[in-house]
Amino acid sequence: MGISREVFEQTGGYNLPNKGEDIDFSIRIIEAGFKVGLIEEAFVYHKRRTSLKQFFKQLNFFGQARINVNRLHPGELRLVHLFPLIFTLGIPLVAILIPLVPELGRLGLAVYLLYFLLIFIEGTIRNRSIVVGVVGVFASIVQLTAYAAGMVAEVLSDRSR
């Protein structure tokens, strides 16, 4: 993100200790009426995680941040932000449904398998590597469950305060 000194000073800059400070800052910039936009020619360095454990930790933090941002800016938690939670809660639900309502359980299982198959195919074709396709499936599971776990942890931590 590139900003002018005027924007930084008028909005108070980054003023949260953690958990969503960049999103909070962006919202305050927009609310202050400053013009924002994407500069497609800009080169940006973004640190990538080198293990699934580090990736889990990062996405878990992002899930926590989303809840924190919604506390500061009610209405910023939208349906799309709940998809990882729906995905994660759907897995045990499908496992419960398979013996209880087999048709519904098998349909749920088929949806998950189709989702994973599409990730595998896209990753394999795009990167010309079956290994990347397989890792993509595992990475998607880690991504969605970590984000959901972070959201739940942040909601529960707020209730314990």
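In which helix do tyrosine 112 and phenylalanine 116 both lie, and how many residues apart are they? The two residues belong to helix H5 and are four residues apart, about one turn of the helix. The model is predicted, and this pair is a convenient place to enter it.

Tyrosine 112 and phenylalanine 116 are both buried. Their membership of a wider group is also clear: Phe87, Tyr112, Tyr115 and Phe116 form one aromatic cluster.

Several of these residues recur in the largest nonpolar core, which has seven residues: Phe87, Val94, Tyr112, Phe116, Ile119, Val137 and Leu144. H4, H5 and H6 are the elements that give two or more residues to this core. H5 supplies the largest share, three residues. Another core, of five residues, lies apart from it, and includes Ile67, Ala146, Tyr147 and Met151. Back in the seven-residue core, isoleucine 119 touches Gly136, Val137 and Ser140, leaving aside residues up to four places away in sequence.

Helix H6 comes next. It runs over residues 130-159, which is 30 residues. At 1.5 Å a residue H6 should span 44 Å, and its end C-alpha atoms are 44 Å apart, so the expected and modelled spans agree. At the N-terminal end of H6, serine 129 acts as a cap, with a side-chain oxygen 3.3 Å from the backbone nitrogen of valine 131.

Buried positions in H6 include Gly133, Val137, Ser140, Val142 and Leu144. Further along, Thr145, Ala146, Tyr147, Ala148, Gly150, Met151 and Glu154 are also buried. Among the elements that cover the buried residues of H6 are helix H3 (52-72), helix H4 (79-100) and helix H5 (102-127).

The aromatic residues can now be taken as a whole: the structure holds seven aromatic pairs. One of them joins phenylalanine 8 and phenylalanine 25, with 6.1 Å centre to centre and 85° between the planes, an edge-to-face arrangement. This pair links distant parts of the chain, since phenylalanine 8 is in helix H1 (residues 5-11) and phenylalanine 25 is in helix H2 (residues 21-31), 17 residues apart. The two partners are not equally covered: phenylalanine 8 is partly exposed, with a relative accessible area of 38%, whereas phenylalanine 25 is buried at 0%. In the pair of tyrosine 112 and phenylalanine 116, the ring centres are 6.4 Å apart and the planes stand at 40°, so that pair is tilted.

Conventions: Residues numbered from 1 in each chain as written. Predicted model: local features only at pLDDT ≥ 70, side-chain atom pairs only at ≥ 80, totals over all residues. Heavy atoms only, no water. Expected span 1.5 Å × (residues − 1). Buried < 20%, exposed > 50% of the residue type's maximum accessible area, 1.4 Å probe, protein only. Contact = heavy atoms within 4.5 Å. Polar contact = N/O pair within 3.5 Å; in protein donor to acceptor, adjacent residues only side chain to side chain. Phe/Tyr/Trp six-rings, centres within 6.5 Å; stacked < 30°, edge-to-face > 60°. Core = buried A, V, L, I, M, F, W, Y, C linked by side-chain atoms within 4.5 Å.
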